[in-house]
Amino acid sequence: MNTEPLVPQGLLLLTPASTRLIAGTLALAYLAAQLPWPDGVTWLLPDFTLAVLLYWSIHAPHRAGLGLAMALGLLADITQGSLIGHHALTYTLSAFAALSLRRRLENFQVGGCALHLAPIFFGQQLLFLLLGLAFHLPGVDWRFLAAGVATALFWVPVARLLDRLTGWTSEMHIEPADSRPSARPVGSAGHGWRGHR
Amino acid sequence: MAHAPMFARTMGLPARLALYCLASLALMVVDSRYAAMATVKNTAAELVNPIQDILARPFGYLGKAGDFFIVHGQVLGENRRLILASQVFASRLQGYEALKLENARLRALLDLRPPSGVETRAAEIVRILPDPFNRRVIVDKGATDGVTAGRPVVDAAGLVGQVTQVYSTSSQVSLLTAKEQAAPVQNQRNGLRLIVSGTGSNDQLEVRYLDMHADLKPGDILVTSGIDGVYPLGIPVARVVRVEPPRQTPFARVICQPIGAIGQHRHVLILNRPEAAK
């Protein structure tokens with residue numbers, strides 16, 4: 001059974017992401033992938049949709065969960081002509097990994113988050129290629145592993161931009177009340193809360 | 001006891017993950033084993049293609065705007081070159097017409113079926129699919145233009161690939177260099193029949209499982225043999241680069257270079273079989 005409380009707690013309560021923003025950024029990322037990229041760079045192209053999806057999985061887990069990941073994966077499968085379910089499976093697993101890392105990532109800046117997420121992005125690409133091998137697709141191009149690293153790098157500007165849009169800052173970290181009694185009170189002066197936009 | 005629920009009674013995260021993973025895997029198996037998904041895929045592609053067209057349009061305009069500012073001298077030079085080339089072709093065609101007549105007469109004498117004519121249709125490559133497993137491009141001619149699946153695709157120099165999927169206004173071309181693509185060819189020098197396959201790289205083709213005594217030398221030109229009923233006779237396919245002698249296997253391997261400029265052009269020709277010839 002799920003132990004998530006009914007009402008969002010902590011940071012999620014302070015900076016709720018609007019559904020419109022989530023949908024808008026995901027649509028933009030999806031459209032970016034549909035641009036006519038030249039042939040030489042397709043293996044180096046970051047997975048825009050996955051990067052934005054994982055951002056929202058971390059910052060708005062109630063909205064962007066496994067279901068959304070699977071839906072976006074199916075959309076990617078249909079557009080790219082891959083096996084139906086191929087992207088869906090890897091996206092769902094990546095979203096699960098991000099959701100399980102979420103509590104930990106709240107303590108890190110964007111760079112630290114990117115380092116945590118890099119194995120997920122790389123693993124997603126590796127799993128994608130291995131699944132292709134398992135399903136006897138002809139000829140694997142291992143250069144596409146570079147796309148996993150590229151996605152991790154791409155995640156940094158995306159996260160910065162979306163942090164700006166949602167008003168989420170790492171200074172809004174809430175100290176657990178009992179572990180460090182001397183910790184500064186939440187919202188102390190000198191740390192500009194930006195709270196709601 | 002009528003308590004308000006403290007916690008949401010939903011399925012746990014791992015349970016949902018397992019469910020979604022199973023569903024995805026099932027879909028993959030169905031898609032790879034059965035043709036059931038083909039209609040779903042086709043419908044979806046019809047829906048998505050217009051979006052991709054709209055997105056590609058500004059880039060097309062940019063390219064055209066770039067063409068507008070081309071230098072006058074460049075146009076003149078190109079024009080001069082093209083006039084020369086067309087004269088060369090015209091002189092070659094004179095001989096060709098005579099040969100064609102003679103060939104028809106000889107075929108009639110031998111009571112052979114006339115070879116089916118081929119009509120060409122120019123198409124523009126609009127998109128390259130970012131797929132690590134396959135080398136495919138999307139061209140802007142589809143079922144409404146009379147394109148059917150299986151038709152060969154060529155450029156000015158040689159074979160490029162084959163139409164593998166047709167949508168209403170666009171179609172998917174699998175490039176000759178894709179690993180699962182193969183073309184039956186003939187050595188132009190001595191008529192030796194072979195099968196050339198892709199290697200997954202843009203500038204390399206190979207002949208697998210070649211007899212170690214086969215007469216094949218670097219520089220030989222391989223043209224389609226026309227015996228598979230897909231590729232018409234005589235399209236240049238590849239030039240032999242080197243012959244690797246057998247190592248630990250009873251077969252030699254030949255590395256060739258494709259003659260068609262695969263991955264370098266924007267326009268290709270789709271060879272359509274005219275309806276009357278069927």
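User: Let's start with strands. How many bridges join strand E3 (residues 152-154) of chain B to strand E12 (residues 267-272) of chain B, and do they run parallel or antiparallel?

Analyst: Happy to begin there, and please keep in mind that this is a predicted model. In general, strands of a sheet pair through backbone hydrogen bonds, either parallel or antiparallel. Here, two bridges link E3 to E12 in chain B, and the two strands run antiparallel. To find the spot on your screen, look for B:Val154, which stands opposite B:Leu269 in E12(B).

User: Which barrel do the strands E3 and E12 belong to, and in what order do its strands close?

Analyst: Follow the neighbours round and you get E1-E2-E5-E4-E3-E12 in chain B, six strands that close into a barrel with antiparallel pairing. From one strand to the next, the twist averages 45 degrees.

User: Strand E5 sits in that order too. Which strands does E5(B) pair with?

Analyst: One partner is strand E2 (residues 136-139) of chain B, which pairs with E5(B) in the antiparallel sense over four bridges. There, B:Val137 stands opposite B:Val173. Another is strand E4 (residues 159-166) of chain B, joined to E5(B) by five bridges, again antiparallel. On that side, B:Gln162 stands opposite B:Ser174. E4(B) and E5(B) are also linked by a hairpin, through four residues.

User: How do I read the two faces of a strand, and which residues of E5(B) are buried on each side?

Analyst: The general idea is that in a regular strand the side chains alternate between the two faces of the sheet. In E5(B), both faces are covered: B:Ser171, B:Val173 and B:Leu175 are buried on one side, and B:Gln172 and B:Ser174 are buried on the other. Put as a count, five of the five residues of strand E5 (residues 171-175) of chain B are buried.

User: What is the strand order of the barrel that contains E9 and E10 of chain B?

Analyst: That barrel has six strands, closing in the order E6-E7-E8-E11-E10-E9 of chain B with antiparallel pairing. Its twist averages 40 degrees from one strand to the next. For a place to look, take strand E9 (residues 221-224) and strand E10 (residues 236-244) of chain B, which pair in the antiparallel sense over three bridges. B:Leu222 stands opposite B:Ala238 there.

User: Stepping back, how many helices and strands does chain B have, and what is its radius of gyration?

Analyst: Chain B has three helices and 12 strands. Its radius of gyration is 25 Å, whereas a compact globule of 278 residues would have one near 19 Å. Along the principal axes, the C-alpha atoms of chain B fill a box of roughly 100 × 60 × 40 Å. Buried residues make up 25% of the 278 residues in the chain.

User: Is B:Ala38 buried or exposed?

Analyst: B:Ala38 is found in helix H2 (residues 38-68) of chain B. It counts as exposed because 11 other C-beta atoms lie within 10 Å, and the cut-off for exposed is 12 or fewer.

User: Now to chain A. How do I describe two packed helices?

Analyst: Two packed helices are described by the angle between their axes and the distance between the axes. Take helix H2 (residues 19-34) and helix H3 (residues 48-59) of chain A: their axes come within 7 Å and cross at roughly 160 degrees. H2(A) and H3(A) are therefore roughly antiparallel to each other. The residues making the contact include A:Leu26 and A:Tyr30 of H2(A) and A:Phe48 and A:Trp56 of H3(A). H2(A) passes H3(A) in a right-handed crossing.

User: At what angle do H3(A) and helix H7 (residues 145-166) of chain A cross?

Analyst: Their axes cross at roughly 50 degrees and come within 9 Å. That makes H3(A) oblique to H7(A). This crossing is right-handed. Among the residues that meet are A:Tyr55 and A:His59 in H3(A) and A:Phe154 and A:Trp155 in H7(A).

User: Last one: how many residues of chain B are in contact with chain A?

Analyst: In chain B, 40 residues are in contact with 40 residues of chain A. The elements giving two or more residues to this side of chain B are helix H1 (13-33), H2 and strand E1 (119-128). H1(B) gives the largest share, 11 residues.

Methods. Residues numbered from 1 in each chain as written. Chains lettered and ligands numbered in written order. Predicted model: local features only at pLDDT ≥ 70, side-chain atom pairs only at ≥ 80, totals over all residues. Pairing = 2+ DSSP bridges. Axes fitted to C-alpha atoms, helices over the stretch in contact; angles between N-to-C directions. Rg over C-alpha atoms; globule rule 2.2 N^0.38 Å. Buried ≥ 20, exposed ≤ 12 C-beta atoms within 10 Å, placed from the backbone. Parallel < 35°, antiparallel > 145°, perpendicular 65-115°, else oblique. Left-handed = near helix turned anticlockwise from the far one by under 90°. Contact = placed C-beta atoms within 7 Å.
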